[in-house]
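Here's a quick briefing to read with the model open beside you. We'll go through one helix and what packs on it, then turn to some charged pairs.

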Amino acid sequence: MIDLENKVAIVTGGTRGIGFEIVRTFLENNAQVILFGSKKETVEKAVLALSKEGKKVKGYAPNLSNYEDVKQVMDEIHKEYGHIDILVNNAGIAADKKIEETTSEDFKNIMDLNVTAMFHTIKAVVPYMKEENQGVILNTSSMVSIYGQPSGVGYPASKFAVNGLTLSLARELAPFHIRVNAVSPGITKTDMIAALPDNVIAPLIRTIPLGRIAEPKDIANAFLFLASDMASYITGVNLPVDGAARN
Ligand code: NAD
């Protein structure tokens, strides 16, 4: 049995897609959850959708590229809840332009959200986790962090960086009983993927040995396991959840 009772969890990119399902799954397993999103309106929409399911959650929209902004929100959460036990760094954007069309700004934007924002949230919560001598940090990577991809180079580059950050911090923070792991989803049915036509989806599915695209719940369950005490001896791993897709 997994039970996150008395755990306070923060999930970035929690307003939709994989992050929203992680929030829902953690709530179903008794955690107190705070979700982050990019805009106040989308945060309010997600909080309302969950409240209609009878789930209580708080939401914030800090500017993740600004450390001071992130720290202020983390301090506020810590003041209210008294501890922060789980941090899920899930916010991310993708890219698919060829190198010639990719601007320096495109590259910077993707690194800012997918990597620097993760550094900011971790830096802000680690002192609180050290105070408790425990904590769990989970980072959303991607199957492209293992195999690369033939376009949008900033995206796999950022996810390779996520893996480096995960493995290094797992070693740095292990003496404080703070576990740091990554999850690498394969193609997952979020809004973006669901909108693709059948003739695009069908060839993608043929590359996946399990014969289907992941549901957000498939990915959220991996986060749940890694967040729980069932994974108490697991740190510094990058767990692929991709139906054995290898491309
Ligand atoms: P999504 O676009 O549905 O959701 C992205 C989330 O990130 C949203 O909650 C959004 O509010 C947040 N976000 C976007 N820009 C932001 C910004 N500038 N500041 C703060 N928050 C911002 O995406 P998703 O498919 O659910 O992806 C979630 C994570 O999973 C990402 O890190 C993505 O790289 C990774 N991933 C997705 C897939 C997939 O097939 N969907 C596969 C592998 C990895």
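Contact here means heavy atoms within 4.5 Å. With that in mind, what covers the buried residues of α2 includes α1 (17-28), β2 (32-36) and β3 (58-60). Keep in mind that this is a predicted model. Salt bridges come up a lot below: the structure holds 12 of them.

**Helix α2**

- Helix α2 runs over residues 40-52, and its end C-alpha atoms sit 18 Å apart, which agrees with the 18 Å that 13 residues should span at 1.5 Å a residue.
- Looking for the buried residues of α2? They are Val43, Ala46 and Leu50. These cover an arc of only 65 degrees around the axis, which puts them on the same side of α2.
- Flip to the face turned away from that buried side and you'll find the exposed residues Lys40, Glu41, Lys45 and Lys52.
- Just after α2 comes Gly54, with a positive phi of about 80 degrees.

**Glu53, Arg24 and their network**

- Glu53 and Arg24 pair up through their side chains in a salt bridge, at 2.6 Å from N to O. Glu53 lies in the loop between α2 and β3 while Arg24 belongs to helix α1, so the pair ties together parts that are 29 residues apart in sequence.
- Arg24 is buried, its relative accessible area being 19%, and the cut-off for that label is under 20%. Glu53, at 35% relative accessibility, counts as partly exposed.
- The pair also has company: a network of salt bridges links Glu21, Arg24, Glu28, Glu53, Lys55 and Lys217.

**Two further salt bridges**

- Asp112 forms a salt bridge with Lys108, and their closest N and O atoms are 2.9 Å apart. Both sit in helix α4 (residues 104-132), four residues apart, so about one helical turn separates them.
- Asp112 is partly exposed with a relative accessible area of 22%, and Lys108 is partly exposed too, with 48%.
- Lys97 and Asp106 also meet through their side chains in a salt bridge, at 2.8 Å from N to O.
- For Lys97 the relative accessible area is 39%, which makes this residue partly exposed; Asp106 counts as partly exposed at 27% relative accessibility.

How values were computed:
Residues numbered from 1 in each chain as written. Predicted model: local features only at pLDDT ≥ 70, side-chain atom pairs only at ≥ 80, totals over all residues. Heavy atoms only, no water. Helix = DSSP H or I, 4+ residues; strand = E, 2+ residues; numbered from the N terminus. Expected span 1.5 Å × (residues − 1). Buried < 20%, exposed > 50% of the residue type's maximum accessible area, 1.4 Å probe, protein only. Arc of directions from axis to C-beta. Salt bridge = Lys/Arg side-chain N within 4 Å of Asp/Glu carboxyl O.
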